[in-house]
Each structure stands twice: as structure tokens, then as C-alpha cells.
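Here is a friendly walk through one protein chain, with an eye on its core and its charged pairs. Have a look at the sequence and the structure before reading on.

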Amino acid sequence: AGDRVLRPMTRPGKAAVGWPKARSPARLISHTSSYQQRDHVPRFSHFLAVRLPQAVPHVQRLQRLIVAESSELERCCVPPEKSHLTLFPFDADEQQAAEALAACAPIAAAMVGTLAPRLRVSGLGSFSTRVVYAHVAADEGLARLAALRLAMMDEFRQRGIQLEEPRPGQETWSAHLTLLKGSRVQWAAAPRGNVRGRGSMKPPTPGPVIPHACWTSIPAEHTDLGEHLAASIELCPLGRRGTAADGFYPVLGSLPLGGGTAGQPFLEPGCSPSSPALSHAGTVHTSSLPPPPLP
């Protein structure tokens, strides 16, 4: 064995192809899905959302303005029926999630009282060139909802539920309504088996770039989506779980705020706020079925 001669690899009818190359971990990772490349990043199963059903027609109008000069970007548009603000994603089974949401009912009743927070959605922003969103004005309504969000996060943590924790320097909640996402095209083009690293090892193709000029040129008066009540907080699953009959995500549970229900009073863009009389905060309603379509 001591005088054994090592030779380059050859194939039948082919010239020598050289010495075998050991793949480094980095090379192996480059052939896996984006989920496998980020194994250190927690994978979340659910999220809490504030649904904004009355924003649907205004979102449709604004999306048409953004994609007017590029039909390719139409595939990046988030379905308007899914208009919402994400409070936070987390990892738990459905029973844990429903119990944690139910435990937040007295917290919401104490912090929100009888008036659901009002949110003014106006103006546009972006995360790099991959996401375009509508701003939520930093006023009293958002401050009340942000305080409730922090209290609910504490309740979830005390129950041992893993949350998406803010990155250093990004502790302030960036409340926004997503309008376009390049990743919608990325994942639509990827094989189903590629989700969460199962099946195909081919990584998804990056989504299209959304040029800043598509939305920065829109006059400010056309980016006002009106004022909305944060009438309830919905518990929704993450991942490819389908769509409810009304076009929203499947809803596993709902926490009314200030006695509100979906479809509560809404102020058109440019209108001044009023103070509707609302009843006290209700209880949590959970169900394995999505809610009925909005009237």
C-alpha cells in the first residue's frame, strides 16, 4: 500500500478529469434551499395580524399606480383581500397559540378599553428593492396598538413560545401594510418540494427588483389609504395553508379590541376622524374554520 499510485479519475471514453474536489460546507450550502442556508433562523408557524378589510379598494387603486409602467410587477402585488398589519410571528402548535391568544383577552380589555385604536395608513416606503409598503402614521392610535403588542409578546414569552425578536437597533415596531413583495414571484416559481428544504435542492430564483421610481413618483395625495379601526387581532398560520373564502388568510382565532368586529367604521382618505361609541372589549373566538365572508 505504501507504493500505491494515485491517479486522476477517468470515465469510460473520456480523458482524465483531474483530482476529486472535496466540497466545503459553503459549497454544500449553496446547493440547498434558502431555508437550509438559514438554519440558525427560527422557523415560525403562526402570526398575529390586524386585518384592514376596508383598505381593499384603496390598496387595489394604489397597486395599479405602482405597476402602471411595468406589467411584470403585477405578480408582486399582495392580494388586497389580505391587507393587514403583522404584529409578530411565532412558533407554537395551534392549541398553544389559541391558549396564548385567549390569555391576552384581559390584557387587551385593560389596555384598549372601549375604543379600538384608529390607524391612519398613508404614504409609501420600501425594504430595499424587494418590498413596497404603506406607512402607518405614528400617532396615538398606533402608540396604543404598539403598547398592546409588547404586552402580548410578554405573555407569549412567559408561556415559552418563541417569537421573532427584534434585531439590535430595530427595537421599534415598523408597522406597515405590504403592497408588493418580490418574494411572491420567487416562491411561485419554486417547486413545491423546495419549501422548508424538502424535495428539490434547487434554490428559488430571486424575485424581481421593484424600482424605487415606481412608487416615489406617485403624488402624496394618492397614497392616502384612509383611517381604519384596529377592530380585532387575528391568529393565522404561516406557510402555504391556502386562503379563506373571503380571500384573507385562514383565521384560527380572533381577539376583538374595544368591542370591535371586522368591518367597523372607516374614514375615507382625507376625512377627519370621529369617535364612534363602542362597547367594552369582547372575548376570544377560536375555530378550526375560517370566518364567514365580510358583508
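The report below covers the nonpolar cores, one helix and the salt bridges.

## The nonpolar cores

Keep in mind that this is a predicted model. Its largest nonpolar core has 54 residues, and the members that touch the most others are L48, I66, F90, L177 and L180. Helix α6 (residues 140–158) supplies the largest share of this core, with six residues.

L48 is a good place to start looking. Leaving aside residues up to four places away in sequence, L48 touches L85, T86, L87, F88, F90, L101, M152, F156, I233, E234 and L235. There is also a second, separate core of six residues, with F47, A49, F248 and V251 among them.

## The buried side of helix α3

Helix α3 spans residues 56–66, and its buried residues include V56, H58, V59, L62, Q63 and I66. These residues lie on the same side of α3, because they cover an arc of only 155° around the axis. I66 also appears among the residues of the largest core that touch the most other members.

## Salt bridges between distant parts of the chain

Side chains of opposite charge can pair when their charged atoms come close. This structure holds six salt bridges. One of them joins D246 and R51, whose closest N and O atoms are 2.9 Å apart. The two partners are 195 residues apart and link distant parts of the chain: R51 belongs to strand β1 (residues 46–51), while D246 sits in the loop between β8 (232–237) and β9 (253–256). Both D246 and R51 are buried.

A salt bridge also forms between R118 and E227, at 3.4 Å from N to O. This pair, too, links distant parts of the chain, with R118 in strand β3 (residues 118–127) and E227 in strand β7 (residues 224–229), 109 residues apart. Are these two partners buried or exposed? The cut-off for buried is under 20% relative accessible area. R118 has 13% relative accessibility, so R118 counts as buried. E227 is at 8% and therefore counts as buried as well.

## A further pair and a network

E155 and R159 meet through their side chains in a salt bridge, with 2.9 Å from N to O. E155 is buried, as its relative accessible area is 16%. R159, on the other hand, counts as partly exposed because its relative accessibility is 39%. Finally, D154, R157 and E165 are joined into one network by salt bridges that share partners.

Notes: Residues are numbered from 1 along each chain as its sequence is written. This is a predicted model: local features need pLDDT of at least 70, side-chain atom pairs count only at pLDDT 80 or more; totals for chains, interfaces and linings use all residues. Side-chain values use heavy atoms; hydrogens and water are left out. Buried means under 20% relative accessible area, exposed over 50%, partly exposed in between (1.4 Å probe, protein chains only). Helices (H or I, at least four residues) and strands (E, at least two) are DSSP runs, numbered from the N terminus. The arc is that of the directions from the helix axis to the C-beta atoms. A salt bridge is a side-chain nitrogen of Lys or Arg within 4 Å of a carboxyl oxygen of Asp or Glu. A nonpolar core is a set of buried Ala, Val, Leu, Ile, Met, Phe, Trp, Tyr and Cys residues joined through side-chain atoms within 4.5 Å. Contact means heavy atoms within 4.5 Å.
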